[in-house]
Amino acid sequence: MVKLPLGVDIHHLIDDLKIWSWEAADILLYYSDILKNTCNNSNIIMSNEDEDPVTLADLEVNKLIIQRIKSEYSDVKWQILSEENAKRESNNCDTKADWLWVLDPLDGTKDFIQGTCNYAMHLALNYKQQNLLGVVLIPEKDELWISDSKNVWCESRNGLRKNFEFSMDKKLNDMTIVTSKNHSNLSLKNLIELINFRKVIVMGSIGCKFMSILRGESDIYICLSLPKESSPKDWDFAAPSSILKTAGGAVTNLENEDLTYNKDNFEQAGVIIASKDKRLHKSLCSQVKEIIKKYQIYTGIF
């Protein structure tokens, strides 16, 4: 079990994370229901920019989680990086701190606004820029995924744990890929067509995508961010990566290197691949890299 800061008990912390997460679920489900059942959403959507919409749900969950951490652990010297605070000039988080919470109060905001179930809350605790604890809450599925650096489990609001298992050892073109609904590009589409996956699943939220891998609904995730265009950020990957890696999977760049955090603008640029079996992951990266190179899909990496 991970050694947490002095005075922090892992079991107490996990219990708190569960309580806070279901409090967040109440907020998200409340606003989701309004968006699904009314034509007037102007009071909920605070900013409807194409690349970065913001809703009242984002802001209220952000406020809730930060207040809970600061109130319950006021003596602990850890910092909190959140997507919503990072957008503001008033953000005063020391992102170089050894212990750093990374929060995305609503991952998949576009899907949330569009009325799908593919949105999530992410909360991770990083130590020296590496994932240790992770929480992914998917309210519409009544799922709370937690990793404590050694174990991964999924439970419902009533505390019942849900079983998950998946098969291994598939060839690349026998796999089901899960990919972005709202953040795709022609290069990624071309890559997916060239690999000729058995099936393509499209959905929002990286947390929802990674948990679909753990449920056995998909096998692999590929993100391809083009130069000078928007890329996923630390808060998109920190919690889902912690959970998938602890469960035996891998999340890396094309060179099979683990993701690192706190880079410029918190961006996770380039090609990122997630799969369910770290033993096979290096081979998958090599195969994808060869296809990209052969067909010059993304020349910026060579």
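Which residue in S7 does isoleucine 138 stand opposite? In this predicted model, isoleucine 138 faces glutamate 143 of S7, and I would like to use that pair as the way into the sheet, before turning to a buried serine, then to one of the helices, and finally to the cysteines.

Let me begin with the strands on either side of that pair. Strand S6, residues 130-138, runs antiparallel to S7 and is joined to it by five bridges, while S7, residues 143-147, is in turn joined by four bridges to S8, again in an antiparallel arrangement. Within that second pairing, tryptophan 145 has cysteine 154 in S8 as its bridge partner, and in the hairpin that links S7 and S8, with four residues between the strands, serine 149 adopts a positive phi near 85°.

Moving one strand further along, S8 is joined by two bridges to S9, residues 161-162, and these two also run antiparallel. Here the bridge partner of glutamate 155 is arginine 161, in S9, and the hairpin of S8 and S9, which has five residues between its strands, contains glycine 159 with a positive phi near 90°.

In a regular strand the side chains alternate between the two faces of the sheet. With that in mind, look at S8, residues 152-155, where Val152 and Cys154 lie on one side and Trp153 and Glu155 on the other, and where all four are buried, so that both faces of the strand are covered.

If we now step back to the whole assembly, these strands belong to an open sheet of seven, in the order S3-S4-S5-S6-S7-S8-S9, with mixed pairing. Because S3 and S9 stand at the edges and have a single partner strand each, one side of each is left without a neighbour in the sheet.

The edge strand S3, residues 79-82, is where we find serine 82. Is serine 82 buried or exposed? Its relative accessibility is 1%, and since the cut-off for burial is under 20%, serine 82 counts as buried. Its side chain makes a polar contact of 2.9 Å with the side chain of asparagine 62, and, if we set aside neighbours within four places in sequence, serine 82 is in contact with Asn62, Ile66, Leu103 and Trp235.

Let me turn to helix H8, residues 278-294, whose 17 residues should span 24 Å at 1.5 Å a residue, which agrees with the 25 Å between its end C-alpha atoms. The buried residues of H8 are His281, Leu284, Cys285, Val288, Ile291 and Ile292. Viewed down the helix axis, the buried residues of H8 fall within an arc of 130°, and they therefore line one face of the helix. The face turned away from that buried side carries exposed residues, namely Arg279, Lys282, Lys293 and Lys294. Among the elements that cover the buried residues of H8 are helix H5 (186-195) and the strands S12 (220-224), S13 (250-253) and S14 (271-275). After H8 comes glutamine 296, with a positive phi near 50°.

That leaves the cysteines, and the structure holds zero disulfides. For cysteine 223, the closest cysteine sulfur is that of cysteine 285, at 13 Å, which is too far for a bond. Cysteine 223 counts as buried because its relative accessibility is 9%, and cysteine 285, in H8, is buried too, with a relative accessible area of 1%.

Methods. Residues numbered from 1 in each chain as written. Predicted model: local features only at pLDDT ≥ 70, side-chain atom pairs only at ≥ 80, totals over all residues. Heavy atoms only, no water. Expected span 1.5 Å × (residues − 1). Buried < 20%, exposed > 50% of the residue type's maximum accessible area, 1.4 Å probe, protein only. Arc of directions from axis to C-beta. Contact = heavy atoms within 4.5 Å. Polar contact = N/O pair within 3.5 Å; in protein donor to acceptor, adjacent residues only side chain to side chain. Disulfide = S-S within 2.5 Å. Pairing = 2+ DSSP bridges.
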